[in-house]
Amino acid sequence: GLLDQAMTMGSAVLAWSPASSAQSPKTDPDRPSDVLERDFAPGGHVHLDLSAGQYEIVGTSDRRLRIEWSVRRQRDLQRVRARTNISGADAWVNIKGPDNSGFRVVVKVPTRSDLTVDFSAGEIHIAGVQGNKYIESWAGEVHIDVGRSEDYRRVHPWAWAGEIKASAFRTSKDGLFRSFDWNGRGPYVLDASLLAGELWLYEG
């Protein structure tokens, strides 16, 4: 887990700077792009292994997974690796980009989905997804639109170095080794861990 590895990271993790991140992914017809689609029913569990980049994970009414990505240069497009493996109610998605400079990805999942996300670094936005959320990130910005706070049974965000801005749960913390626990009566669990950067939990 991240907690077990945090103390070995040292200055390498702290070298990330918010100034290096860009805005959330936007559709740009001038950028080289590609797409991958797979049928996937609502109510499943999507496991995402994501390399550095700018990501948006969005819930939709479609019964499928759709991965859209773009890069700055045409020659970088062939360096992108996007793979899916679906078995019953579980989908595994692995995305590797050329680098964190201009690699943008939008992952569309059924609105009712559980998420497990292992995110390397950069910026990620999650919105419109109803379900359990287990998020781990090494460095960058993690933005989670939780929907409704009353939909959660347990919430546990943790940041080794950085800020937790959890307006959805009326909590804000910054510094080293920051975390909090929140308990409610909803059906879902939200567990988010970040080594360095900013973690945002809000009601959109």
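Buried here means under 20% relative accessible area. On that count, 47% of the 204 residues in the protein chain are buried. Keep in mind that this is a predicted model. The chain runs through three helices and 13 strands, and there's plenty of long-range contact to look at: among contacts between residues at least 6 apart in sequence, 72% join residues at least 24 apart.

**Surface and core**

- About 10,000 Å² of the protein chain is exposed, with carbon and sulfur atoms supplying 45% of that area.
- On the inside, the largest nonpolar core takes in 44 residues. Strand 13 gives the most to this core, putting in six residues.
- If you want anchor points for browsing the core, try the residues with the most contacts inside it: Leu48, Ile95, Val117, Ile124, Ile144, Phe169 and Leu201.
- As general background, nonpolar side chains in soluble globular proteins tend to be buried together.
- Ile95 is a good one to click on. Beyond its neighbours within four places in sequence, isoleucine 95 is in contact with Asp49, Leu50, Ser51, Tyr55, Ile67, Arg81, Ala82, Phe103, Val105 and Val107.

**Aromatics**

- A search of the whole structure turns up six aromatic pairs. One to look at is tyrosine 152 with tyrosine 188: the ring centres sit 6.2 Å apart and the planes meet at 70 degrees, so this pair is edge-to-face.
- The two tyrosines come from distant parts of the chain, 36 residues apart, with tyrosine 152 in strand 10 (residues 152-166) and tyrosine 188 in strand 13 (residues 188-202).
- Tyrosine 152 has a relative accessible area of 1%, so it is buried. Tyrosine 188 comes in at 13% relative accessibility, and therefore counts as buried too.
- Both belong to one aromatic cluster, made up of Tyr152, Phe169, Trp182 and Tyr188.

**Strand 3 and its partners**

- Strand 3 (residues 53-60) is mostly covered, with six of its eight residues buried.
- Strand 3 pairs with strand 7 (residues 104-110) in the parallel sense, over seven bridges. In that pairing, tyrosine 55 stands opposite valine 105.
- Strand 3 also pairs with strand 8 (residues 114-127), again in the parallel sense, over six bridges. There, valine 58 stands opposite alanine 127.

**Isoleucine 135**

- You'll find isoleucine 135 in strand 9 (residues 133-145). Its relative accessibility is 2%, so isoleucine 135 counts as buried.
- Setting aside neighbours within four places in sequence, isoleucine 135 is in contact with Val117, Ile126, Val142, Ile144, Asp191, Ala192 and Ser193. Val117 and Ile144 also appear among the residues with the most contacts inside the largest nonpolar core.
- For another long-range link, check leucine 48: its C-alpha atom is 9.5 Å from that of isoleucine 135, though the two residues are 87 apart along the chain.

**Asparagine 132**

- Asparagine 132 is in the loop between strand 8 and strand 9. With a relative accessible area of 15%, it falls under the 20% cut-off and so is buried.
- The side chain of asparagine 132 reaches the backbone nitrogen of valine 189 at 2.7 Å.
- Outside its neighbours within four places in sequence, asparagine 132 is in contact with Ser113, Asp114, Leu115, Pro187, Tyr188 and Val189. Tyr188 in that list is a member of the aromatic cluster.

Definitions and conventions:
Residues numbered from 1 in each chain as written. Predicted model: local features only at pLDDT ≥ 70, side-chain atom pairs only at ≥ 80, totals over all residues. Heavy atoms only, no water. Helix = DSSP H or I, 4+ residues; strand = E, 2+ residues; numbered from the N terminus. Buried < 20%, exposed > 50% of the residue type's maximum accessible area, 1.4 Å probe, protein only. Contact = heavy atoms within 4.5 Å. Areas by Shrake-Rupley, 256 points an atom, 1.4 Å probe, with all protein chains shown as cover. Phe/Tyr/Trp six-rings, centres within 6.5 Å; stacked < 30°, edge-to-face > 60°. Core = buried A, V, L, I, M, F, W, Y, C linked by side-chain atoms within 4.5 Å. Pairing = 2+ DSSP bridges. Polar contact = N/O pair within 3.5 Å; in protein donor to acceptor, adjacent residues only side chain to side chain.
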